[in-house]
Amino acid sequence: MCLRILAVVASLSLTFLFTTTLSRSRPAAHGLLVVANQKEHTTLLVDPETRREVAKIVVGVNGHEVAVSKDGKFAYVPIYGDSGVGKPGSDGSTIDVIDIRERKLAYTIDLGKPLRPHEPGIGPDGQLYVTTELSQSLDAIDPVARKVIAENPTGQPESHMFVINPHGTRAYTANVHAGTVSILDLVHHTLVATIPVSKTVQRISMQPDGLYVFTHDQESPRIAVIDTLSQSLSTWIDLPESVYSSEPTPDGHWLVAAGLKGHIFVIDLQSRKLAKTFDAPTALGKVLVRPDGAVAYISFLTSGKIEVLDLHSWQLQPSIDLTPGVDGMAWASN
């Protein structure tokens, strides 16, 4: 109990510091959406203001997800292969790196063996992390040296997506058909715990203070809430339909989630209740909340659309219409 109180106090302090800093130096709203199109085998640079594609860079087969370096110069696209998760097909072994300013493929990082690398992410330490499904690991990569510097075992198959806590000490992976979440110690490179969730889970997100992690039950219409202090499944958020992905707003107030049957949901994280519902295409998608917390972008692979939700007016804006295959997204500030 004392640990929880201390953690909450620390969280409130971090939140106050974060929101105060945010109000003084709010991240610029100007930037580009970097979008992985897995059907075209391309990465798109999209101007969110004009809602138009400004560049298309060919990458390997297939790039599903993308991350952008902290300085906004490079985008990292792991090349997964031509299969779906858990299905037979080719096994990717590389990460394509795009020079965003030059709008071209800069170089490729060779991981040395077939791994099916999937989701990339930039840790607080600036290192590049990527899930490598075939080795059941979350690998840390030095983006300057262009080599793997640590392997963090997940102990589970199909570790597809991950989040890292604000201190960079723990990571949490969603293990799709294992239906579990793995907790990883990124300092000692060990598996801390495995949390059973459901028969199948998809994607994962984290509250900005790092106290709670969310993953999405694909068998029942609910979101699992994992307490990172007790390292256990804390509760469920029930919804009208199953969701595929979610992302919290920077202030920790809202969780934006993409439903599988044609809706976008907004959940109040204080009450853990559904607050708003919007119509949307029916397809798998990723949720990306802009760094300033003003807009959420939700990609829908089959329709080739990115829905744009204004988080101040709570109105859907005109969609960004691209081509089928749009999947992972990242924000590159100008």
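**Exercise 1: A salt bridge between two buried residues**

Task: Find the salt bridge that Glu65 forms; which residue is the partner, and how far apart are the closest N and O atoms?

Solution. Step 1: start with the rule, in which a salt bridge is a side-chain nitrogen of Lys or Arg within 4 Å of a carboxyl oxygen of Asp or Glu. Step 2: apply the rule to Glu65, whose partner is Arg203, with 2.8 Å between the closest N and O atoms. Step 3: place both residues along the chain. Glu65 is in the loop between E3 and strand E4 (67-68), Arg203 is in strand E16 (residues 201-206), and the pair links distant parts of the chain, 138 residues apart. Here, strands (E, at least two residues) and helices (H or I, at least four) are DSSP runs, numbered from the N terminus. Step 4: check the surroundings. Buried means under 20% relative accessible area, exposed means over 50%, and partly exposed lies in between (1.4 Å probe, protein chains only). With a relative accessible area of 1%, Glu65 is buried, and Arg203 is buried at 5%.

A note on the model: this is a predicted model, in which local features need pLDDT of at least 70 and side-chain atom pairs count only at pLDDT 80 or more, while totals for chains, interfaces and linings use all residues. Residues are numbered from 1 along each chain as its sequence is written, and side-chain values use heavy atoms, with hydrogens and water left out.

**Exercise 2: More salt bridges**

Task: How many salt bridges does a search of the whole structure find? Where do Lys56 and Glu40 lie?

Solution. Step 1: the search finds seven salt bridges. Step 2: one of them joins the side chains of Lys56 and Glu40, at 3.4 Å from N to O. Lys56 lies in strand E3 (residues 52-58) and Glu40 in the loop between strand E1 (31-37) and strand E2 (42-47), so this salt bridge ties together parts that are 16 residues apart in sequence. Step 3: now look at exposure. Lys56 is partly exposed, because its relative accessibility is 42%; Glu40 is partly exposed too, at 27%.

Step 4: try another pair. Asp321 forms a salt bridge with Lys305, and the closest N and O atoms are 2.9 Å apart. This pair links strand E27, which holds Asp321, with strand E26, which holds Lys305, 16 residues apart. Asp321 is partly exposed at 46%, as is Lys305 at 28%. Step 5: look for shared partners. Glu65, Arg203 and Asp327 are joined into one network by salt bridges that share partners.

**Exercise 3: Two tryptophans**

Task: What kind of aromatic pair do Trp254 and Trp314 form?

Solution. Step 1: recall how such pairs are described, namely by the distance of the centres and the angle of the planes. Rings of Phe, Tyr and Trp (its six-membered ring) pair if their centres lie within 6.5 Å; planes under 30 degrees apart count as stacked, over 60 as edge-to-face and the rest as tilted. Step 2: by this rule there are three aromatic pairs. Step 3: for Trp254 and Trp314 the values are 5.1 Å centre to centre and 75 degrees between the planes, which makes the pair edge-to-face. Step 4: locate the rings. Trp254 is in strand E21 (residues 254-259) and Trp314 in the loop between strand E26 (305-310) and strand E27 (315-321), 60 residues apart. Both Trp254 and Trp314 are buried.

**Exercise 4: An open sheet**

Task: In what order do the strands of the open sheet of four strands stand, and which are the edge strands?

Solution. Step 1: two strands pair if DSSP finds at least two bridges between them. Step 2: the order is E24-E25-E26-E27, with antiparallel pairing. Step 3: strand E24 (287-289) and E27 are the edge strands, as each pairs on one side only. Step 4: zoom in on one pairing. Three bridges join E24 and strand E25 (residues 295-300) in the antiparallel sense; Leu288 has Tyr297 in E25 as its bridge partner.

**Exercise 5: Strand E5 and its partners**

Task: Is strand E5 (residues 74-79) mostly covered or mostly exposed, and which strands pair with E5?

Solution. Step 1: five of the six residues of E5 are buried, so the strand is mostly covered. Step 2: E4 and E5 run antiparallel and are joined by two bridges, with Ala67 opposite Tyr76 in E5. Step 3: E5 also runs antiparallel to strand E6 (residues 94-99), joined by six bridges; here Val77 stands opposite Asp96 in E6.
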